[in-house]
Amino acid sequence: MNKDDLEKIINKNNESEIVEFKTNLDDVNQICKYISALGNSAIIASCPYAYLIWGIEDMTKKIIGTTFNPYTHKARIDPKNTRKKVNNNVPFITYIEQYIDPKINLDWTDVEVQGKRIVCLSIDVSKVIQPIMYKKETYVRSGTSVKRLSDFPEKERRLWKSFDSSKFELEFAKTNLTFDRVKEILDLDFYNNFVDIGNEKELIKSLMQNNIIVHVGSGNTYNITNLGAYTFAKDMSYFPELSIRTPRITKYDGNKKIDNAIFDRKGNMGVIIAFDNMIKNIMRFVPSKEDYSDGMRKDIPQFPVIAIRELLANALVHQDFTIKGMRPMVEIFTNRLVINNPGVPLIDTLRFLDHPPISRNTELANLLEKFNIVELRGTGIDKVVNSLEEAGLPPLEIARKGIDTTEVTLRPKKTFDKLSITEINEKIYWNACLNYVNEERISNATIRKIFSLNKNQSGKISKAIARAMDAKLIKPYDIDAGRKRMTYIPFWGQSVQANSKFDSRLNKN
């Protein structure tokens, strides 16, 4: 790995289940646990590499340099027999190679970045076919913590599932079909209308390049992948294993699941060809209000279409196909709209807006991007947060439910006095995130605006800011600024006093 590649990794990633930043950690026991945990988490996330990087502050990503040197450092080994002396002369890398099982490719990089020495360990798991262990114990990441895999049975199941012969997306849904039969099963007219290919030979080539079909042998025989069936099937009942994974939309006549469902429909076509229709089915049950501000009547939906579109697309892309018996769900209640998908978040839910996207299903994500359903550059949540703010709605609620579900909730408009303290805190936090990634900061005045309050109500906002700070969601950008000039950033942002006692205290909490 060269300097440019390393800088890209640092700039594009925050600490996550597959990335860890350290300053001068030299405890070989801890480092080996990190290798096991990061590597296994990368396998679960279908990522070929995980990274342990020295010389970077974990919260701010400030480059501070390191004194750690894996080539000269010695591993301290305490003997099992207490009569023997402690061995401090075992080469560090030799120790790791001895106790990490299986023998995996560990690539050490030592470069200078911004005049500071940085060390990066790239953990290559692309060819690993069993869990990575240290001294016969298997570790995994839970958020940014290192835990024993045995304490997380669902992660353990998903890890072993990752060692199946091929990824779910590229497994075959139907095999040994003529291309005429493929055309009967998949909606290739829809596909071709979008890609605009003139002849069948080029169409077949395009389908193969996008992993929708695979050519078998030398004749006119093809296999349809799960990816192809899940996205372009004319009738999902022809693929029973996939039909149970299509989105389900339910509208309840009340606020509870036990209330009567006045609409309940499961997807019966590929998700790409059905996506726009799914959005229409959702929006027809979202309440609207009449608006005459431009002199003409407009029906303004309670929830922005762009928010619904982005959240549904995210649910499709980030679902965990290894979890059986679950599908993406959209549930519309009188007082809220809930979207959930099988699979827990791969990154901290509070970092959804600034963290580069990590997808479980890279082939599906790439295909949905080509058909303008998702954006891989990670602006989906930005659009959701921004659209909710413009509509004056409560903040986006993202929660992990149980061990296998991610749930997102939208709620209708409320006045400031009707919002809970948690809702106010989170609305301030998401606004701080949205501004920070655009190199802006929030203040009492800007926060008043998102809550539709006037200058005379600045006292309410001052109290709200204090509560958000107590909740460790935001912090001052410059603690030395005067009260009237005080601005704020997310807790993970870099303040003026990045190395001050104040800032360090916030980062530790």
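Where is the place of asparagine 176? Asparagine 176 sits in strand β11, and you will meet it again in the second view below. All the views come from a predicted model.

**View 1. A three-stranded open sheet, with strands in the order β11-β13-β12.** Welcome to a good place to start looking. The pairing in this open sheet is antiparallel. Its edge strands are β11 (172–177) and β12 (213–216), each of which pairs on one side only. From one strand to the next, the twist averages 20 degrees. Strand β13 (residues 221–225) pairs with β11 in the antiparallel sense over three bridges. To find your way along that pairing, look for phenylalanine 172, which stands opposite threonine 225 in β13. In a regular strand, side chains alternate between the two faces of the sheet.

**View 2. Asparagine 176, a residue of strand β11 with a positive phi.** Here we stay with strand β11, where asparagine 176 has its place. Most residues other than glycine have a negative phi. Asparagine 176 is not a glycine, yet its phi is near 55 degrees, a positive value. Its relative accessible area is 55%, so asparagine 176 is exposed.

**View 3. Helix α7 lying across strands β12 and β13.** This view brings a helix into the picture. Helix α7 (residues 200–209) runs at about 110 degrees to β12. Helix α7 also has a helical neighbour to look at, α6 (residues 188–195), and the axes of the two come within 11 Å.

**View 4. The crossing of helices α6 and α7.** Two packed helices are described by the angle between their axes and the distance between the axes. For α6 and α7, the axes cross at roughly 95 degrees, and the two helices are therefore roughly perpendicular to each other. On the α6 side, the residues to pick out are Leu188, Tyr191 and Asn192. They meet Leu203, Ser206 and Leu207 in α7. Tyr191 is worth remembering, as it also belongs to an aromatic cluster with Phe190, Phe194, Phe232 and Phe371.

**View 5. Phenylalanine 92 and tryptophan 108, an edge-to-face pair.** Searching the whole structure turns up 22 aromatic pairs. In this one, the ring centres of phenylalanine 92 and tryptophan 108 are 6.0 Å apart, with 70 degrees between the planes. The pair links distant parts of the chain, 16 residues apart: phenylalanine 92 belongs to helix α3 (residues 92–99) and tryptophan 108 to strand β6 (residues 105–113). Phenylalanine 92 has 1% relative accessibility and so counts as buried. Tryptophan 108 counts as buried too, at 11% relative accessibility.

**View 6. Phenylalanine 416 and phenylalanine 451, an edge-to-face pair between loops.** The ring centres of phenylalanine 416 and phenylalanine 451 are 5.0 Å apart and the planes stand at 80 degrees, so this pair is edge-to-face. Phenylalanine 416 is in the loop between β21 (405–410) and α14 (421–436). Phenylalanine 451 is in the loop between α15 (444–450) and α16 (458–470), so the pair links parts of the chain 35 residues apart. Phenylalanine 416 is buried, with a relative accessible area of 10%. Phenylalanine 451, at 7% relative accessibility, counts as buried.

**View 7. Charged side chains over aromatic rings.** Two examples are shown here. Lysine 174 lies over the face of tyrosine 238, at 4.4 Å from the ring centre. Arginine 336 lies over the face of phenylalanine 333, at 3.8 Å from the ring centre.

**View 8. The hairpin of strands β9 and β10.** Strand β9 (residues 137–142) pairs with strand β10 (residues 145–148) in the antiparallel sense, over four bridges. Two residues lie between the strands. Glycine 143, in the turn, has a positive phi of about 70 degrees. Serine 142 stands opposite serine 145 in β10.

**View 9. A cis peptide bond from aspartate 101 to proline 102.** Most peptide bonds are trans. The bond shown here is cis, with omega near 5 degrees. Proline 102 lies in the loop between β5 (100–101) and β6.

**View 10. Glutamate 439, a loop residue with a positive phi.** We finish in the loop between α14 and α15, the place of glutamate 439. Although glutamate 439 is not a glycine, it has a positive phi of about 60 degrees. Glutamate 439 is exposed, with a relative accessible area of 74%.

How values were computed. Residues are numbered from 1 along each chain as its sequence is written. Side-chain values use heavy atoms; hydrogens and water are left out. Rings of Phe, Tyr and Trp (its six-membered ring) pair if their centres lie within 6.5 Å; planes under 30 degrees apart count as stacked, over 60 as edge-to-face and the rest as tilted. Buried means under 20% relative accessible area, exposed over 50%, partly exposed in between (1.4 Å probe, protein chains only). A charge sits over a ring if NZ of Lys or CZ of Arg is within 6 Å of the ring centre and within 35 degrees of the ring normal. Two strands pair if DSSP finds at least two bridges between them. Axes are lines fitted to C-alpha atoms, for helices over the stretch in contact, and angles run from 0 to 180 degrees between N-to-C directions. Contact means heavy atoms within 4.5 Å. Angles under 35 degrees count as roughly parallel, over 145 as roughly antiparallel, 65 to 115 as roughly perpendicular and the rest as oblique.
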